[in-house]
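Me: I would like to go through this structure term by term and ask what lies behind each label. Please set the values against the cut-offs wherever a label depends on one.

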Amino acid sequence: MARMTIRDIARLAGVSVTTVSRALNNAPEINSQTRERVLQVCREQGYRSNLLARSLVSSRTRVLGVILPELSGPFHASIVLHLERYAQEQDYQIMLCCGRVGGSETAALFDFLVSHRVDGILLVSASSAAPDLLRRHARGTPSVLLGDVSPTATLQRINAVSTDNYVGGAMAAGYLSRLGHRRVLYLGPRRDSVTHVLRHQGFLTIARERGMEVETVFNPGAVSSAPNGYRLARQGFAPPLPQTAVFAPSDAMALGVLQAADELGLDIPGRISLLGYDDIEYASLPKIRLSTLAQPTGALAESAVRLLLELIDSGGPGEVTHKLIAPRLVERSTCCSPQQRTAV
């Protein structure tokens, strides 16, 4: 069966090719009755306009490229859902690619997106190498980093949206201090993640002010996953375990901590309190009830897309924007005062 063309649609609808084009582009020059008649013929005939051809005329594809490290984790899955929802509300679609910053495939993903004429690129990454990657590979294409930019970086011409992770770390330490915890196990920050570095710095700053002792066990892995949290907890929970609280800088890792504690017979929060970070969907389940710092994934996604569309519409670099969104403490059942702790 031959593919339906715009001329075929014009003939069936009894209008000109120009009128069909205007109807498909929602142009104001035609009335609503004519537009609906054309669109109805398109629906009946299964006609789809050639987006590439339209983009050559309008210089817009209305497609945003998104690169993120992975989709298996609940935090990134939530971000993608919100990105897609908000982009569609603005009459855009997203082209999703997965690639970890530092991997050989990531540069090729930028080339792929640029060659497909996306209107802008959104990079979701906590890596310290992410700003440089955007500068080198997204040149000429509006781009936004959904992640942190290191305050020590020498070049700051990167538009970015992030949770205020330094403040989040400070909030975590302040909360545990208010409960009365003085010895804390900080389990799982990654040295290659700007996000984790900022959370760690914020936590340690308040901990020092409050006279808290903090033992940090770093995560040598590339991801903050439940299996990595489990392995680090088995290491950190070695006797005599003087700490009364654990801070895991991601909820995924906190789930691994819960598993390790259960296997070792350590009651949470009776023996040791556990505080996470992210407020993923699983955190509120009845048998988990994880106390955590919530990252507002909806607000992060909306702010990142809005900023990217502003850059696209402006047609130039404009002012550099670093937007920080405050996290929120969510108190559930995994933290309590150390005075309530029970014997091992």
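Me: Where is Pro240 found, and what makes the peptide bond from Pro239 to Pro240 worth a remark?

Reply: In this predicted model, Pro240 is found in the loop between α10 and β8, and the peptide bond that leads to Pro240 from Pro239 is cis, with omega near 15 degrees. A cis peptide bond also joins Ile268 and Pro269, where omega is about 10 degrees, and Pro269 lies in the loop between α11 and β9.

Me: Why is Asp91 called exposed, and why is Arg289 called partly exposed?

Reply: Asp91 has a relative accessible area of 53%, and since exposed means over 50%, the label exposed applies to Asp91. Arg289 has a relative accessible area of 32%, and because partly exposed covers the range between under 20% and over 50%, Arg289 is counted as partly exposed. Each of them has a positive phi without being a glycine: about 65 degrees for Asp91, in the loop between α5 and β2, and about 45 degrees for Arg289, in the loop between β9 and β10.

Me: How do you know that β9 and β10 are paired, and which residue of β10 is the bridge partner of Asp278?

Reply: Pairing requires at least two bridges between two strands, and four bridges join β9 (residues 273–278) to β10 (residues 291–294), so the requirement is met, with the two strands running parallel. The bridge partner of Asp278 in β10 is Ala294.

Me: What is the order of the strands in the open sheet, and what makes β7 and β12 its edges?

Reply: The open sheet has six strands in the order β7-β6-β8-β9-β10-β12, and the pairing is mixed. β7 (213–217) and β12 (328–330) each have a single partner strand, so one side of each is left without a neighbour in the sheet, and this is what places them at the edges. From one strand to the next, the twist averages 20 degrees. Helix α8 (residues 165–179) packs on this sheet, touching β6, β8, β9, β10 and β12, and its direction makes about 160 degrees with that of β9. Helix α9 (residues 194–209) lies across β6, β7, β8 and β9, and runs at about 175 degrees to β6.

Me: Why is α2 described as roughly perpendicular to α3?

Reply: Helix α2 (residues 17–24) and helix α3 (residues 32–45) pack at an angle of about 90 degrees, with their axes 9 Å apart. Because angles of 65 to 115 degrees count as roughly perpendicular, the pair earns that description. Where they meet, Thr19, Val20, Ala23 and Leu24 in α2 face Thr34, Arg35, Val38, Leu39 and Cys42 in α3, and the residues of this contact divide into six nonpolar, two polar and one charged.

Me: What makes up the largest nonpolar core, and which element gives the most to it?

Reply: The largest nonpolar core has 47 residues, and those with the most contacts inside it include Leu64, Leu122, Phe237 and Leu274. The elements that give two or more residues to this core include β1, α5, β3 and β6, while α12 gives the most, with nine residues. Beyond its neighbours within four places in sequence, Leu122 is in contact with residues including Val66, Leu83, Val144 and Leu308. Another core, of 18 residues, lies apart from the largest one, and Phe110, Leu113, Val118 and Leu123 are among its members.

How values were computed: Residues are numbered from 1 along each chain as its sequence is written. This is a predicted model: local features need pLDDT of at least 70, side-chain atom pairs count only at pLDDT 80 or more; totals for chains, interfaces and linings use all residues. Side-chain values use heavy atoms; hydrogens and water are left out. Axes are lines fitted to C-alpha atoms, for helices over the stretch in contact, and angles run from 0 to 180 degrees between N-to-C directions. Contact means heavy atoms within 4.5 Å. Angles under 35 degrees count as roughly parallel, over 145 as roughly antiparallel, 65 to 115 as roughly perpendicular and the rest as oblique. Ala, Val, Leu, Ile, Met, Phe, Trp, Tyr, Cys and Pro count as nonpolar, Asp, Glu, Lys and Arg as charged, and the others, Gly among them, as polar. A nonpolar core is a set of buried Ala, Val, Leu, Ile, Met, Phe, Trp, Tyr and Cys residues joined through side-chain atoms within 4.5 Å. Buried means under 20% relative accessible area, exposed over 50%, partly exposed in between (1.4 Å probe, protein chains only).
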